[in-house]
Amino acid sequence: MREMLEKIRNQALDSIRDAKQSDDLEAIRVKYLGKKGELTQILRGMGKLSPEERPVMGQLANKVRGDIESELSSKVREIEEMALAKRLREESIDVTLPGKRPSLGGLHPLTTVLNLITDVFLGMGFNVAEGPEVELDYYNFEALNIPRNHPARDTQDTFYINQNILLRTHTSPTQIRVMEKQSPPIKIIVPGRVYRSDAVDATHSPIFHQIEGLVVDENITMGDLKGVLDVFAKRMFGEKTRTRFRPHHFPFTEPSAEMDVSCVTCEGTGCRICSNTGWIEILGAGMVHPKVLEYGKIDPNRYSGFAFGMGLDRIANQIYGIDDIRLLYENDIRFLSQF
Ligand code: PHE
């Protein structure tokens with residue numbers, strides 16, 4: 001019996017050492033220690049032994065069981081540790097890899113330039129007003145002294161919703177809307193989007209932006225107009241900037257003028273950007289026509305005023321040296337991220 005016990009122990013320990021997974025170990029446990037297992041069978045046969053042999057063999061059998069059990073449990077632990085090590089190896093993350101930086105947006109160049117212009121006028125005591133982009137014919141033309149069938153309408157062809165409603169062709173209608181509501185002194189700028197049915201090219205877009213200005217008070221003269229706009233030009237384009245006013249015609253101002261600034265790129269000596277003239281036209285202006293004051297319910301005998309309207313897109317292009325207006329509207333991130 002001693003030999004049998006030794007043999008069982010050696011076989012059991014050998015197969016435990018060879019086991020590869022926990023299922024194998026369970027099978028070994030059942031084979032030797034289970035209810036019908038080899039060691040259990042032997043213990044059942046103890047009764048047949050002599051009283052002297054019984055305790056000796058009993059002790060040996062218990063020892064064999066203990067050896068098998070402890071070998072089993074250390075092998076279980078070994079297999080679990082190997083499985084864990086394998087998972088850790090396979091699921092490891094390289095924390096030294098650089099992360100993905102979230103990309104931050106920025107302001108569109110038109111917004112940046114509008115903010116600059118607004119700051120200059122706020123600094124001179126102006127307020128900001130706004131008006132609707134879908135406008136009545138009355139405010140866009142009629143009240144600005146451009147009656148139906150007037151030839152001046154041809155230069156500002158637009159998109160009509162119906163006979164009386166259209167997309168505004170300029171920010172000037174807001175002049176009337178403000179005058180109707182507010183009595184002088186009035187000192188406002190009106191930034192906004194405007195529309196004209198122009199074909200798209202390097203200098204034209206059916207949607208563009210203007211900034212209107214309106215000042216109405218007692219004793220406002222053309223000198224005030226020139227002074228304010230000259231200061232604006234110097235703040236905006238640099239102290240060396242010169243301005244010049246050329247006579248022009250707008251139905252809603254009298255007299256009217258266009259203002260040029262000395263070319264920012266060549267400082268007035270002439271270059272490609274200014275078509276070798278040294279000057280860039282940036283706005284239309286004039287003294288508010290008495291009829292327009294009347295449409296705005298303001299007494300032209302007591303008050304006078306000046307107004308101007310400038311193209312935001314053109315000014316942005318001047319400041320950044322952009323030579324094609326379409327770039328401002330294509331929303332190409334490679335273009336926009338330069339500003
Ligand atoms: N509204 C004119 C235009 O779009 C500009 C302008 C505004 C001229 C105010 C004079 C006074 O061309």
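Mentor: Two strands pair if DSSP finds at least two bridges between them. Keep that in mind for the strands of this structure, which is a predicted model.

Trainee: In what order do the seven strands of the open sheet stand?
Mentor: The sheet is open, and its pairing is mixed. Its edge strands, β1 (127-128) and β6 (243-250), each pair on one side only. Reading across from β1, the order is β1-β4-β5-β9-β8-β7-β6.

Trainee: How many bridges join strand β8 to strand β9?
Mentor: Strand β8 covers residues 279-288 and strand β9 covers residues 304-311. Two strands count as paired when there are at least two bridges between them. β8 and β9 run antiparallel, and the number of bridges joining them is five.

Trainee: Which residue in β9 stands opposite Gly286?
Mentor: Gly286 falls within the range of β8, residues 279-288. Its partner is to be sought in β9, residues 304-311. The residue opposite Gly286 is Ala307.

Trainee: Helix α8 packs on the sheet; what angle does its direction make with that of β8?
Mentor: Helix α8 spans residues 222-237. Its contacts with the sheet are to β6, β7 (253-262), β8 and β9. Between the directions of α8 and β8, the angle is about 150°.

Trainee: Are α5 and α10 roughly parallel or roughly perpendicular to each other?
Mentor: Helix α5 takes in residues 109-123, helix α10 takes in residues 312-320, and their axes are 9 Å apart. They pack at an angle of about 100°. Angles of 65 to 115 degrees have their own class. The two helices are therefore roughly perpendicular.

Trainee: By class, how many nonpolar residues does the contact of α5 with α10 have?
Mentor: On the α5 side the contact is made by Pro109, Leu110, Thr112, Val113, Leu114 and Ile117. On the α10 side it is made by Leu312, Asp313, Ile315, Ala316, Ile319 and Tyr320. Thr counts as polar and Asp as charged. With one polar and one charged residue set aside, the number of nonpolar residues is 10.

Trainee: Is Val113 buried or exposed?
Mentor: Val113 lies in helix α5. Leaving out residues up to four places away in sequence, Val113 touches Met236, Leu312, Ile315, Ala316, Ile319 and Tyr320. The cut-off for burial is under 20% relative accessible area. At 0% relative accessibility, Val113 is buried.

Trainee: What separates the C-alpha atoms of Val113 and Leu88?
Mentor: Along the chain, Val113 and Leu88 are 25 residues apart. The domain assignment gives domain 1 as 2-90 and domain 2 as 109-336. The C-alpha centres of these two domains lie 98 Å apart. For the C-alpha atoms of Val113 and Leu88, the separation is 56 Å.

Trainee: How does α8 lie to α10, parallel or oblique?
Mentor: The axes of these helices come within 11 Å and cross at roughly 45°. Phe232, Met236 and Phe237 of α8 meet Ile315, Gln318 and Ile319 of α10. By class, that contact has five nonpolar, one polar and no charged residues. The crossing angle makes α8, relative to α10, oblique.

Trainee: What covers the buried residues of α10?
Mentor: The residues in question are Leu312, Asp313, Ile315, Ala316, Asn317 and Gln318. Both helices and strands take part. The cover includes α5, β5 (207-217), α8, β8 and β9.

Trainee: Which residue follows α10 with a positive phi?
Mentor: Most residues other than glycine have a negative phi. The residue after α10 is a glycine, with phi near 65°. That residue is Gly321.

Trainee: Is Asn219, which has a positive phi, buried or exposed?
Mentor: Asn219 is not a glycine, yet its phi is about 60°. Its place is in the loop between β5 and α8. Over 50% is the cut-off for exposure. With a relative accessible area of 67%, Asn219 is exposed.

Trainee: Where is the place of Pro255, which a cis peptide bond joins to Glu254?
Mentor: Most peptide bonds are trans. The cis bond between Pro184 and Pro185 has an omega of about 5°, and Pro185 is in the loop between α7 (173-181) and β4 (186-195). The cis bond between Glu254 and Pro255 has an omega of about -5°. The place of Pro255 is strand β7.

Key: Residues numbered from 1 in each chain as written. Predicted model: local features only at pLDDT ≥ 70, side-chain atom pairs only at ≥ 80, totals over all residues. Heavy atoms only, no water. Helix = DSSP H or I, 4+ residues; strand = E, 2+ residues; numbered from the N terminus. Contact = heavy atoms within 4.5 Å. Axes fitted to C-alpha atoms, helices over the stretch in contact; angles between N-to-C directions. Parallel < 35°, antiparallel > 145°, perpendicular 65-115°, else oblique. Domains from an automatic or database assignment. Buried < 20%, exposed > 50% of the residue type's maximum accessible area, 1.4 Å probe, protein only.
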